[in-house]
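Welcome, and please get your viewer ready. We will go from stop to stop, with something to select at each one.

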Amino acid sequence: MKFQSVITSTGEWLRGEGPHHQIVVSSRVRLARNLRNRAFPGWAKKAERLAILDLIKPRVEELPEMQDSFSEVLQDLSAVEKQVLVERHLISREHAAKSIGSAVVMNRKQRQAFKLVDKVDSALESRLDIAYDAKLGYLTACPTNVGTGMRASAMLHLPGLVLSELINQVIQAVNKIGLAVRGLYGEGTEAMGNLFQISNQTTLGEKEDEIIARLSKVIETIIEKEHDARQVLIQKKPNTLWDQIGRAYGVLTYAHAMTSKEALNLLSIVKLGIDLGTFPEDKRLPIDELFIETQPAHLQKGTQQKLNAEERDHLRAEIIRERLKTFPKPDMSKVAREPTSGNSEPAKHE
């Protein structure tokens, strides 16, 4: 699987149609593992990093789940190509910053997070000598990963809570119970496009399935609050909501220059419009694809040339205008209304 195949085909995770797919954009599970009797990253010299990579990479590639996968050492990818993988949420910014001794092996589907990674983890443990302590669990380069070594997260689209100015309350409540809320590209990044990552912070003293269960419960609560916020906006601030959707549609349709941040925020409101029924359901995938395809590295990779910020802004607006040519104007009469959950029987979602 060549790099060009990665960027020309939409990741299957983007086409997700599972429960709550309107709000849960994607999910991710990362397991941190290191080899016993080998220097951990940060301490390992160049020669040892390469030796460890040569040992691990073939073991990953030979797994049935990784047949016909995209497999590449990071030092052979350009800065733009690595940023493309970051923009698709396939590797982290920290991973992209590494070079010697680092690689990425990615299967075609790019989804089914926990079941797949748990199966792959068990298979690799039978082939590699993993650093493990009977009392502490998996030993990792970063102390915060010791134990299960697992970080589970979901990316949520929460425009209702943002427009209702309730998002900070939700973030504070989530932080108090030991979960983290981060921006679009993880720790230290901004929540552009009303997208937020919810993940566990502790890995020591908990079982993997317990972490997944606790995270899932919190995410379900946030989903309910987002649905409630949307319905309150419809019922109590309809003019504000329709103004937001109409303005987003107008700017995206006619603008000739647009920053990445502005594009994400406006696309988020149109996506909300699709959720509420003001745009046809079959327009969802084109909008979701624009979230990815209008990011800086994708624009440069698509044109095969280096673009400055101004050139990217003009190209981004051009791509969006072209894609929205088939979009009808928002139809507010088709809005899907449902009762807020309140203290009565919970609202039914999706």
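In which loop is Leu184 found? Select it and look on either side: Leu184 is in the loop between strand S7 (179-182) and strand S8 (195-200). Before going further, please keep in mind that this is a predicted model.

**Stop 1: Leu184 and its surroundings**

Is Leu184 buried or exposed? With a relative accessible area of 4%, Leu184 is buried. Now show what surrounds Leu184. Once its neighbours within four places in sequence are set aside, the residues in contact with Leu184 include His89, Met155 and Leu264. Thr189, Glu190, Ala191, Met192, Leu195 and Gln197 are also among the contacts of Leu184. For a distance to draw on screen, pick the C-alpha atoms of Leu184 and Glu87: they are separated by 9.1 Å, although the two residues are 97 residues apart along the chain.

**Stop 2: the whole protein**

Zoom out for a moment. The protein has 13 helices and eight strands. Of its 350 residues, 47% count as buried. Take the contacts between residues at least 6 apart in sequence: 73% of them join residues at least 24 apart.

**Stop 3: Gly101**

Next, select Gly101, in the loop between helix H4 (93-97) and strand S3 (103-106). Gly101 has a relative accessibility of 19% and counts as buried, because the cut-off for buried is under 20%. Which residues does Gly101 touch, leaving aside its neighbours within four places in sequence? Show Arg49, Leu50, Leu53 and Gln75 to see these contacts. Gln75 is also a good partner for a distance label: its C-alpha atom and that of Gly101 are separated by 8.2 Å, with their positions 26 residues apart along the chain.

**Stop 4: backbone angles**

Here is some background for this stop. Most residues other than glycine have a negative phi.

- Select Asp68, which is not a glycine and yet has a positive phi of about 60 degrees. Its place is in the loop between helix H2 (46-61) and strand S2 (70-73). At 47% relative accessibility, Asp68 counts as partly exposed.
- Move to Glu165, in the loop between helix H6 (159-163) and helix H7 (167-176). Its phi is positive too, near 60 degrees. Glu165 counts as exposed, at 69% relative accessibility.
- Finish with Gln304, just after H12, where phi is positive at about 60 degrees.

While you are there, colour helix H12 (residues 296-303). Which of its residues are buried? They are Ala297, His298, Leu299, Gln300 and Lys301.

**Stop 5: aromatic rings**

How many aromatic pairs does the structure hold? There are three. Show the side chains of Tyr132 and Tyr138: their ring centres are 5.0 Å apart and their planes are at 70 degrees, so this pair is edge-to-face. Tyr132 is partly exposed, at 40% relative accessibility, whereas Tyr138 is buried, with a relative accessible area of 13%.

Next, show Phe279 and Phe327. Their ring centres are 5.8 Å apart and their planes are at 55 degrees, so this pair is tilted. The pair links distant parts of the chain, 48 residues apart: Phe279 is in the loop between helix H10 (260-276) and H11, and Phe327 is in the segment after H13. Phe279 and Phe327 are both buried. Add Tyr249 to the selection, and you have a cluster of Tyr249, Phe279 and Phe327 linked by ring pairs.

Go back to Tyr138 for one more feature. The charged end of Arg33 sits over the Tyr138 ring, 3.4 Å from the ring centre.

**Stop 6: two helices side by side**

For the last stop, colour helix H11 (residues 284-293) and helix H13 (residues 309-323). How do their axes lie? The axes come within 11 Å and cross at roughly 170 degrees, which means that H11 is roughly antiparallel to H13. Now show the side chains where the helices meet. On the H11 side select Pro286, Glu289, Leu290 and Glu293, and on the H13 side Ile319, Ile320 and Arg323. By class, this contact has four nonpolar, no polar and three charged residues.

How values were computed
Residues numbered from 1 in each chain as written. Predicted model: local features only at pLDDT ≥ 70, side-chain atom pairs only at ≥ 80, totals over all residues. Heavy atoms only, no water. Axes fitted to C-alpha atoms, helices over the stretch in contact; angles between N-to-C directions. Helix = DSSP H or I, 4+ residues; strand = E, 2+ residues; numbered from the N terminus. Parallel < 35°, antiparallel > 145°, perpendicular 65-115°, else oblique. Contact = heavy atoms within 4.5 Å. Nonpolar A, V, L, I, M, F, W, Y, C, P; charged D, E, K, R; others polar. Phe/Tyr/Trp six-rings, centres within 6.5 Å; stacked < 30°, edge-to-face > 60°. Buried < 20%, exposed > 50% of the residue type's maximum accessible area, 1.4 Å probe, protein only. Lys NZ or Arg CZ within 6 Å of the ring centre and 35° of its normal.
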